[in-house]
Structure formats: C-alpha cells, structure tokens
Amino acid sequence: MTQFKDRVAVVTGASQGIGKAMALDLSKNGAAVAVIDVQKDKAEELVRKITDNTGKASLYAVDVSQTDQVDRTVEDIIKEFGKVDFLINNAGITRDSLMMRMREKDWDLVLAVNLKGVFNFSKAVIRSMARNRFGRIVNISSVVGLMGNAGQSNYSASKAGVLGLTKSLAREVASRNITVNAIAPGYIQTPMTEALPESVKEKFIEIIPMKRFGKPEEIANAVRFLLSDEASYITGEVINVNGGMLM
Ligand code: NAP
C-alpha cells in the first residue's frame, strides 16, 4: 500500500501500545517513520521490524518533555528525511491518585510529558511544515480529558489541555494547509491499561456500550483517516474512538 509514499511521519511514544500500532500502520502505508521514545531498546525492536519489512524508519531516543532534546531531534529528522509531513503526538503517562493524596511531582511530571511534550514537538515542526505548505498533526488526547475521572485529575487536565492546544494551533496554521486534530481514545488494551486492577477493568466494561476494550489498531485506523487526503478539510476536530463510552 502506498497512500503515504514519500511522506515522513514522526510518532512519539512509539515503541509500544497505540504508538507502535500507528508506526507500523504508517510504515505499511508507505511512510518513512521517525520512531520517538525514551527507552532505546524497545524502540530498536520496532525499527528493526519496520526495516526488515523493507520500510524506512529511524530511532530517536528523546524525552518529549525536554525542549532542547526535542528541538535537536527535529533538526536531525529534517536532516535525515528532508522534512516532516505528519506529527503524531502520542507519548503519554499516568501517575494516578486522588487529588487529596497527589504529590506535586506527579502533577508536574504528567503535565510535562502529556501537555508540554505536545507543545515541544508541535512548535519544533511547525516552521518547516509552514514552509512546505503541508502538514498534519494528530494529538492523542483521551476520553477522560472530556469527561474527567476520579483519581486522574493530573492526567485529565493534561488531556483536556491537549484539546485546547489542538484547537488553538489549528486556527493559527490552517492558512498554511496544516491541519491539527485530536483523537480521544476510550479504554484501549495496551501496557498502560494492562496494569489496572481487574475490578477497575470490570467497571469500565460496564459503561462501554460495545462491551469490550478497544485495540491499538482501532486508534491507528482513525489516525490514518486524519492523515489522508480524504480528511484535508478537517481541522480543530476531536474524534472519539471509545466504543460509545462517551457520546
Ligand atoms: P503506553 O503503552 O504506556 O505507551 C506510551 C509510550 O510512551 C511508552 O513507550 C512510553 O515509554 C513512552 N513515553 C512515556 N514518557 C515519554 C517521554 N517523556 N518521552 C517519550 N516517550 C515517552 O501507552 P498507550 O496506552 O499506548 O497510550 C498512548 C497514548 O494514548 C498516551 O498519550 C495515552 O495517554 C493515550 N491514551 C491511552 C488510552 C488507553 O486506554 N490505553 C486511552 C486514552 C488515551 P515508557 O514505557 O518507557 O514510559
């Protein structure tokens, strides 16, 4: 499949879960992929898998919350691949606890990775996208950024912040043919959610009309649509992919 032939994609938090599914999907569809993650070894495996399949991919070990690292990385990606067409801001973490018990450092860390990370990568690619008069940015938010969740005030705030950032940036760059959209996944089966206790998983299932958790590939499908030419007039939008959990 070649719908993204000659396109260069940057995927953050790409070595596992939703990020990995998106990186594999983009590569399957012809894009070259810059694989971004904090841990080198896991990401190396993914890059090997893509290149073994005759795809093009390079690994960049970066912490998305560190502005200098991100700026340097985007410069390196543009040197290696010539441009950035697609940016998928996917890296995210949780540090859950009730607000009364939440440590300040867990608030700061979640906001730094989940929200500042999106600012860092978006800011770093936007000039080059504007010059090329083409760009697609997709930010991975969350259903809890829209509905809140007890025990996740830091995470929900970061994901709601991502939605505000998405809409503001979409307005700033629309005239340069750059679209900025968000996906709000519901409960998706990944290492992030595998760690939850069975009792919590059962409670989630109860409130999901489709009575199952989503697969990472089901997020990758929605992202592929937003990156495609079919979505060229969609910007500042949030697509819910949640089995009906929030309508
Ligand atoms: P995951 O399995 O935990 O994968 C996230 C990846 O991001 C990991 O490889 C992680 O590396 C990496 N990462 C963490 N901090 C980073 C940093 N500072 N810089 C660069 N990479 C970093 O998570 P997932 O479930 O696939 O989630 C992907 C995105 O979807 C996240 O933004 C998440 O909030 C969002 N989301 C997930 C769900 C869900 O149900 N799974 C629902 C809604 C939204 P380490 O493993 O080394 O930390």
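Here are four short exercises with worked solutions on helix packing and ligand contacts in this predicted model.

**Exercise 1. How do helices α1 and α9 cross, and which residues make the contact?**

Step 1. Start by finding the two helices: α1 covers residues 17-28 and α9 covers residues 216-227.

Step 2. Now look at their axes, which come within 8 Å and cross at roughly 50°. That angle makes α1 oblique to α9.

Step 3. Check the hand of the crossing, which is right-handed.

Step 4. Pick out the residues in contact. On the α1 side they are G17, I18, A21, M22, D25 and L26. On the α9 side you will find P216, E217, I219, A220, V223, R224 and L227.

Step 5. Sort them by class: the contact of α1 with α9 has nine nonpolar, one polar and three charged residues.

**Exercise 2. At what angle do α1 and α2 pack, and which residues meet?**

Step 1. Helix α2 runs over residues 40-52. Its axis and that of α1 are 10 Å apart, at an angle of about 20°.

Step 2. Angles under 35 degrees count as roughly parallel. The helices α1 and α2 are therefore roughly parallel to each other.

Step 3. As for the hand, α1 passes α2 in a right-handed crossing.

Step 4. From α1, the residues K20, A23, L24 and S27 meet L46, K49 and I50 of α2. By class, this contact of α1 with α2 has four nonpolar, one polar and two charged residues.

**Exercise 3. Which residues of α3 and α4 meet?**

Step 1. Locate α3 at residues 67-81 and α4 at residues 104-132. Their axes come within 9 Å and cross at roughly 35°, and the crossing is right-handed.

Step 2. Go along α3 and mark T67, V70, D71, V74 and I78. Their partners in α4 are K116, N120, F121, A124, V125 and S128.

Step 3. Tally the classes: the contact of α3 with α4 has six nonpolar, three polar and two charged residues.

**Exercise 4. Which residues come nearest to the ligand, and where are polar side-chain atoms of D37 and D63 placed?**

Step 1. Begin with the surroundings. There are 30 residues around the ligand, and Q39, N90, Y155, I188 and T190 come nearest.

Step 2. Take T190 from that group: an N or O atom in its side chain is 2.4 Å from an oxygen atom of the ligand.

Step 3. Turn to the two aspartates. D37 has a polar side-chain atom 2.8 Å from a ligand oxygen atom, while D63 has a polar side-chain atom 2.8 Å from a ligand nitrogen atom.

Terms used: Residues numbered from 1 in each chain as written. Predicted model: local features only at pLDDT ≥ 70, side-chain atom pairs only at ≥ 80, totals over all residues. Heavy atoms only, no water. Axes fitted to C-alpha atoms, helices over the stretch in contact; angles between N-to-C directions. Helix = DSSP H or I, 4+ residues; strand = E, 2+ residues; numbered from the N terminus. Parallel < 35°, antiparallel > 145°, perpendicular 65-115°, else oblique. Left-handed = near helix turned anticlockwise from the far one by under 90°. Contact = heavy atoms within 4.5 Å. Nonpolar A, V, L, I, M, F, W, Y, C, P; charged D, E, K, R; others polar. Near = heavy atom within 4 Å. Polar contact = N/O pair within 3.5 Å; in protein donor to acceptor, adjacent residues only side chain to side chain.
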